[in-house]
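Here's a quick walk through some side-chain contacts and backbone oddities in one chain. Have a look at the model first, then read on.

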Amino acid sequence: MSDILIVDDERDIRELISDILEDEGYVTRLAGNSDEAMREIANAQPSLLILDIWLKDSNMDGIDILKTVKRDYPDVPVVIISGHGNIEIAVAAIKQGAYDFIEKPFNIDQLMVVVRRAMETSKLRRENVTLRRGEGAVTEMQGASVAFRTLLGQLDKVTKSNGRVMLSGPAGVGKELAARYIHSNSNRASAAFITVGCASIEPDKMEDVLFGRESAKSGIEPGLLEQANGGVIYFDEVADMPLGTQSKILRVLVDQQFLRVGGHEKVKVDLRVISSTNRNLSEEIDAGRFRQELFHRLNVVPIAVPSLEERREDIPLLANSFIELFNKTQGLPVRILGDEAIALMQTMVWPGNVRQLRNVIERVLILGDNSGPIQASELLVEDDDKSEEGRVVLSGALATLPLREAREAFEREYLLTQINRFGGNISRTAQFVGMERSALHRKLKSLNVVTSNKTGARVAHIEEGDVENAG
């Protein structure tokens, strides 16, 4: 965001400053008196305010405007300019929160130095707010599987546009990470990325949080929509947004403006909207829990984020990245993954997806030995361990079958798991299980196991029509 508001009662001065700044690539707005200035600030919070101390035909002078801005918009840096400058005015302005003071007639080089520093201050303040909100500590997207590369290709296509994106997928797959990838590779990367946790905000507080509040007693309290101006707002699990709020968000998407709670003047915003859901929104619409008009506004570019089951090849890479992360952030030991541990992780069920994998790695590093490879036994909690002194405990269903049918059922599930572990690669599967590739193909055919494309990857499954006869 590089929006600078210039307030000066002399038209030639404000237009001169504007021309200089626009030549340097900044976007500017102009105001000739206090009323115009306050109206522009209320419409859209600037990144920087350049403010003349003396304003003719105005209800407020520069110091009054400075006090108001620092009260209602404390993160906006203010540079004071004046043709009547002296040390007393400069000191008074700095005490009231001004970033710097420049005396007219000003030196262009001096002006640009102050503006660049003030804009950098504005950017750092936004980043600090983001970090305080816990939104900065994210890891890079990791993966090499076909499913992951397909996802990355889709994300790359939408980074340069301003289209609204709907990310879908089960909990824990990394939908917010995908949203941040879009933001960090877009032309809005230097502006804010604001997350709205639709499931975590109390319904009766949702509108205050989103739109902000305005009152004579407490002044202006900007909401998340206003904080995201110029950048990206991310509606996490948008299906949890209350119906009443949905209709108001729909209006914001149409008009790009809104009223704060208790306010009377509309606030204009420039937003890119990214949403996510782990539900079927068509079913939510049929059940009357989600507005169809809002769905069509948000679902301009739908992108499915694959589950961990669909990208098992990426598990060792993800696990190692988490080991490095926990070493840097928590000082936990750096340990390598044993071959059996890798094999187990690639065949385990991961209902919590990448988030669950991260939690398992953190637990192992905290509770395990400080050295030596991570073993398969460390990955299992007591309830998950189905072995006893080398014996495999049969499931009830398998134990009731005759030997031939039990063997076929075991082989089918074993080979399904291994093929999906290797991303549908039959050659790698054959090498791991110790079979010739041709022999494996014959075995798969006899077990009615086939592979097909799903989310860009090869996935093994039982051939349709043979499910009832499959063991």
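## Two backbone oddities

Let's start in the loop between β3 (48–52) and α3 (62–72), which is where Asp57 lies. Keep in mind that this is a predicted model. Asp57 isn't a glycine, yet its phi is positive, at about 55°. Is Asp57 buried or exposed? With a relative accessible area of 81%, Asp57 is exposed, as the cut-off for that label is over 50%.

Gln256 is another non-glycine residue with a positive phi, here about 60°. You'll find Gln256 in the loop between α10 (243–255) and β11. Gln256 has a relative accessible area of 22% and goes down as partly exposed, since buried would need a value under 20%.

## Phe211 and Phe258

How many aromatic pairs does the structure hold? The count is four. One of them joins Phe211 and Phe258, with 5.6 Å from centre to centre and 50° between the planes, which makes it a tilted pair. Phe211 belongs to helix α8 (residues 206–211) and Phe258 to strand β11 (residues 257–259), so this contact ties together parts that sit 47 residues apart in sequence.

As for solvent, Phe211 is buried at 5% relative accessibility. Phe258 is buried too, with a relative accessible area of 5%.

## Around Phe432

Now for another of the aromatic pairs: the ring centres of Phe422 and Phe432 are 5.7 Å apart with the planes at 55°, so this pair is tilted. Phe422 is in the loop between α18 (403–421) and α19 (426–433), while Phe432 is in helix α19, 10 residues away, and the pair links distant parts of the chain. Phe422 counts as buried at 8% relative accessibility, whereas Phe432 is partly exposed at 38%.

What sits over the ring of Phe432? It's the charged end of Arg421, 4.2 Å from the ring centre. Phe432 also turns up in a nonpolar surface patch with Phe410 and Tyr414, and together these residues have about 290 Å² of accessible area. The 38% relative accessible area of Phe432 fits that role, because patch members need over 30%.

## Salt bridges across the sequence

Side chains of opposite charge can pair when their charged atoms come close. How many salt bridges are there here? The count comes to 22.

Take Glu24 and Arg116, whose side chains meet in a salt bridge at 3.3 Å, N to O. Glu24 is in the loop between α1 (11–23) and β2 (27–31) and Arg116 is in helix α5 (residues 108–132), so the bridge ties together parts 92 residues apart in sequence. Glu24 is partly exposed, at 44% relative accessible area, and Arg116 is partly exposed at 42%.

Arg428 and Glu313 form another salt bridge, at 3.2 Å from N to O. Here the partners are 115 residues apart: Arg428 is in helix α19, while Glu313 is in the loop between β14 (301–304) and α13 (315–330). Arg428 is partly exposed with a relative accessible area of 37%, and Glu313 gets the label partly exposed at 27%.

## Within a helix, and a network

Which residue does Arg404 form a salt bridge with? Its partner is Glu408, and the closest N and O atoms are 3.4 Å apart. Why are Arg404 and Glu408 separated by about one helical turn? They're four residues apart in helix α18, so that's the spacing you get. Arg404 is exposed at 53% relative accessibility, just as Glu408 is partly exposed at 24%.

Some salt bridges also join up into something bigger than a pair: Asp240, Arg279, Glu284 and Arg289 are linked in a network of them.

Key:
Residues are numbered from 1 along each chain as its sequence is written. This is a predicted model: local features need pLDDT of at least 70, side-chain atom pairs count only at pLDDT 80 or more; totals for chains, interfaces and linings use all residues. Side-chain values use heavy atoms; hydrogens and water are left out. Rings of Phe, Tyr and Trp (its six-membered ring) pair if their centres lie within 6.5 Å; planes under 30 degrees apart count as stacked, over 60 as edge-to-face and the rest as tilted. Buried means under 20% relative accessible area, exposed over 50%, partly exposed in between (1.4 Å probe, protein chains only). A charge sits over a ring if NZ of Lys or CZ of Arg is within 6 Å of the ring centre and within 35 degrees of the ring normal. A salt bridge is a side-chain nitrogen of Lys or Arg within 4 Å of a carboxyl oxygen of Asp or Glu. Patches are made of residues with over 30% relative accessible area and no salt bridge: like charges are joined within 9 Å, nonpolar side chains (Val, Leu, Ile, Met, Phe, Trp, Tyr) within 5 Å. Accessible areas come from the Shrake-Rupley method with a 1.4 Å probe; for residues, only the protein chains shown count as cover.
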